[in-house]
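Here is a friendly walk through one protein model. Have the viewer open and follow along as the report moves from place to place.

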Amino acid sequence: MTMAIDTATPTTSQAQPPTTPRLSSRDKLVLFVLCAAQFMVALDFSVLNVALPVLGSDLGMSASALQWAVTAFALPSGGFLLLFGRIGDLFGRRRIFLAGLALFGAASLLATFAWNPAAFLAGRALQGLGAAAIVPTGMSLLTTTFPEGPRRDKALGISGTLMSLGFTVGMVAGGVLTDTLGWRSTMGLLTVFALIVLPLAPGLLPESRTPDRPRLDIPGAVTVTGGLLALIYALSTAAETGFGHADVLVTLLAGLALLAAFGYVESRSAQPLVSLPMLRRRTIAWGNLGGLVTFSMMSTIVFVLTLYLQETLKLSAFETGLVFGVQGLASVVAGTYAPKVIGRLGARRTLVGSLVGQGLLTAALLGIGAGGASVWLATVAVSVASAFHLGAIVSYGLTVTSGVPNEQQGLATGLVTSTQQIGLTVGIPLLGVLATTSKDLLTGVHTVIALDAAILLVAAVLVALGLRTRTRTRTQRG
């Protein structure tokens, strides 16, 4: 089934021999700057998790208020991604990237020295705003610097590896830093990263923008940003309060209404923020579906396994971090081989296969129990699942961005990164809550694992069929 996809519409990476491309010294420096920035943002997603109880005690934040340490970052980082990606297209991607780095560094410094909850949450929100500028423009700079083919495959493989590794390293580093230097050191680490990357970026990164200067689609920007903000708020809050609360229902409905309004506005705009014909491209639609599922299902598994390892198996935070450290090493290995696999199989077939592999290894976690030996099964299964997850990350990014003109790369990568952020946000509220509200934690964890695996396998079938339909249509027209 998937063979037809790649035979009928070969990707650029398939046309190239499956050899490892050489990067020049300057290419390596550019890649270092872009990947370091992406790693820094990925680190921010998880480095604070272990520190939350200590942070709350120090700043006087209640347990219910601690969710805002995460939500304050997630709201602007997800809500403004598309907008900043488009602004970078129009006014200069390097310019917006550098502004995002500067804002992120200053916000991390504020969070490090926060004297009360309001100052800390302001720092987190500004970090999220900086991340919303860094991620889409950084990805656009990567895809415009490295042309389609083995060099881009390798660059995206390294970038995807470091993003996945950053999330895992954050969990390990958060525990170590909190135990040794205190919770403020987790935010200080991000400040150090920003201070390293920011001075290097101006001299290495080329400026790029669209050749023409169309007007910014203000109605589209307002509706999509408002819709994403409302949707992320509703899903993040539901993780703590459930979907029955009025504020969750109101913001969820408002988010859906604003996104529907966005679609209407874009269909009538002469210069839309998002090209609806682009969204109708099957590589973009089905590729982003694969990305949404792989991110949301892996974040859910990490969440429920963290609960299981600490609550059921009674592992310490540090020991739990070590389990996910093995997962991070598996991601590094997978990132090394992902471009080679894509070179041989093609991005689309790799995406489908990776979703299947992640689903099967997730299903293997149904074997975990209350005995201490289950830690080995959990470690091996989640690590191999993460290797497939990394393959899905790289291949879905290539599927979505391949064939997109340079002047629209910011939009395409904005969609890619929006998918990542929404995926990281929706999985835990939708599935993780089944574990936290279950009378028996282990039973709840098994329920989540079963649903997680099923969603991955169903998504693999849908993505394969969707891309195959595109191939058959083109073949018939030809």
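## A salt bridge between helix 10 and helix 4

Arg 184 and Asp 58 form a salt bridge in which the closest N and O atoms are 3.5 Å apart. Arg 184 sits in helix 10 and Asp 58 in helix 4 (residues 52-59), so this pair ties together parts that are 126 residues apart in sequence. Before going further, please keep in mind that this is a predicted model.

How covered are the two partners? Arg 184 has a relative accessible area of 28%, so it is partly exposed. Asp 58 counts as partly exposed as well, because its relative accessibility is 44%.

## The chain as a whole

Let's zoom out for a moment. The protein chain has 19 helices and zero strands. Of its 478 residues, 56% are buried. Among contacts with a separation of 6 or more, 84% join residues that are 24 or more positions apart.

As for the outside, the protein chain exposes about 18400 Å², and carbon and sulfur atoms supply 68% of that area.

## Helix 3 against helix 8, and a second salt bridge

How many salt bridges does the structure hold? There are two. Besides the pair described at the start, Arg 124 forms a salt bridge with Asp 44, and here the closest N and O atoms are 2.6 Å apart. This pair links distant parts of the chain, with Arg 124 in helix 8 and Asp 44 in helix 3, 80 residues apart. Both Arg 124 and Asp 44 are buried.

The helices that carry this pair also pack against each other. Two packed helices are described by the angle between their axes and the distance between the axes. For helix 3 (residues 25-46) and helix 8 (residues 117-145), the angle is about 145 degrees and the axes are 10 Å apart. Helix 3 passes helix 8 in a left-handed crossing. On the helix 3 side, the contact involves Val 30, Leu 31, Leu 34, Ala 37, Gln 38, Met 40, Val 41 and Asp 44. On the helix 8 side, the residues in contact include Arg 124, Gln 127, Ala 131, Ile 134, Val 135, Gly 138 and Met 139. Both salt-bridge partners, Arg 124 and Asp 44, are thus part of this helix contact.

## Helix 6, an enclosed element

Next comes helix 6 (residues 81-91), where 10 of the 11 residues are buried, so the helix is largely enclosed by the rest of the structure. The buried residues include Leu 81, Leu 82, Leu 83, Phe 84, Ile 87 and Leu 90. Charged residues are on that list too, namely Arg 86 and Asp 89.

Just after helix 6, Gly 92 takes a positive phi of about 120 degrees.

## A nonpolar patch on the surface

Phe 32, Val 192, Ile 196 and Leu 200 make a nonpolar surface patch of about 350 Å². Helix 10 (residues 184-204) gives the most to this patch, with three residues.

Val 192 is a patch member that lies in helix 10. Is Val 192 buried or partly exposed? With 44% relative accessibility, Val 192 counts as partly exposed.

## Two residues of helix 16

Helix 16 (residues 347-364) contains Leu 361, and Gln 358 lies in helix 16 too. Leu 361 counts as partly exposed because its relative accessibility is 21%, with the cut-off for buried being under 20%. Gln 358, at 0% relative accessibility, counts as buried.

Which residues does Leu 361 touch, not counting those up to four places away in sequence? They are Ala 381, Val 384, Ala 385 and Phe 388. The C-alpha atoms of Leu 361 and Ala 381 are separated by 5.5 Å, with the two residues 20 apart along the chain.

With the same sequence neighbours left out, Gln 358 touches Thr 294, Met 297, Met 298, Ala 385, Phe 388, His 389 and Leu 456. Gln 358 and Asp 452 are 94 residues apart in sequence and 9.8 Å apart in space, C-alpha to C-alpha.

## A backbone detail at Lys 314

Most residues other than glycine have a negative phi. Lys 314, although not a glycine, has a positive phi of about 60 degrees. Lys 314 lies in the loop between helix 14 (282-312) and helix 15 (317-345), and at 61% relative accessibility it counts as exposed.

Conventions. Residues numbered from 1 in each chain as written. Predicted model: local features only at pLDDT ≥ 70, side-chain atom pairs only at ≥ 80, totals over all residues. Heavy atoms only, no water. Buried < 20%, exposed > 50% of the residue type's maximum accessible area, 1.4 Å probe, protein only. Helix = DSSP H or I, 4+ residues; strand = E, 2+ residues; numbered from the N terminus. Patch = residues over 30% accessible without salt bridge, like charges linked within 9 Å, V, L, I, M, F, W, Y side chains within 5 Å. Areas by Shrake-Rupley, 256 points an atom, 1.4 Å probe, with all protein chains shown as cover. Salt bridge = Lys/Arg side-chain N within 4 Å of Asp/Glu carboxyl O. Axes fitted to C-alpha atoms, helices over the stretch in contact; angles between N-to-C directions. Left-handed = near helix turned anticlockwise from the far one by under 90°. Contact = heavy atoms within 4.5 Å.
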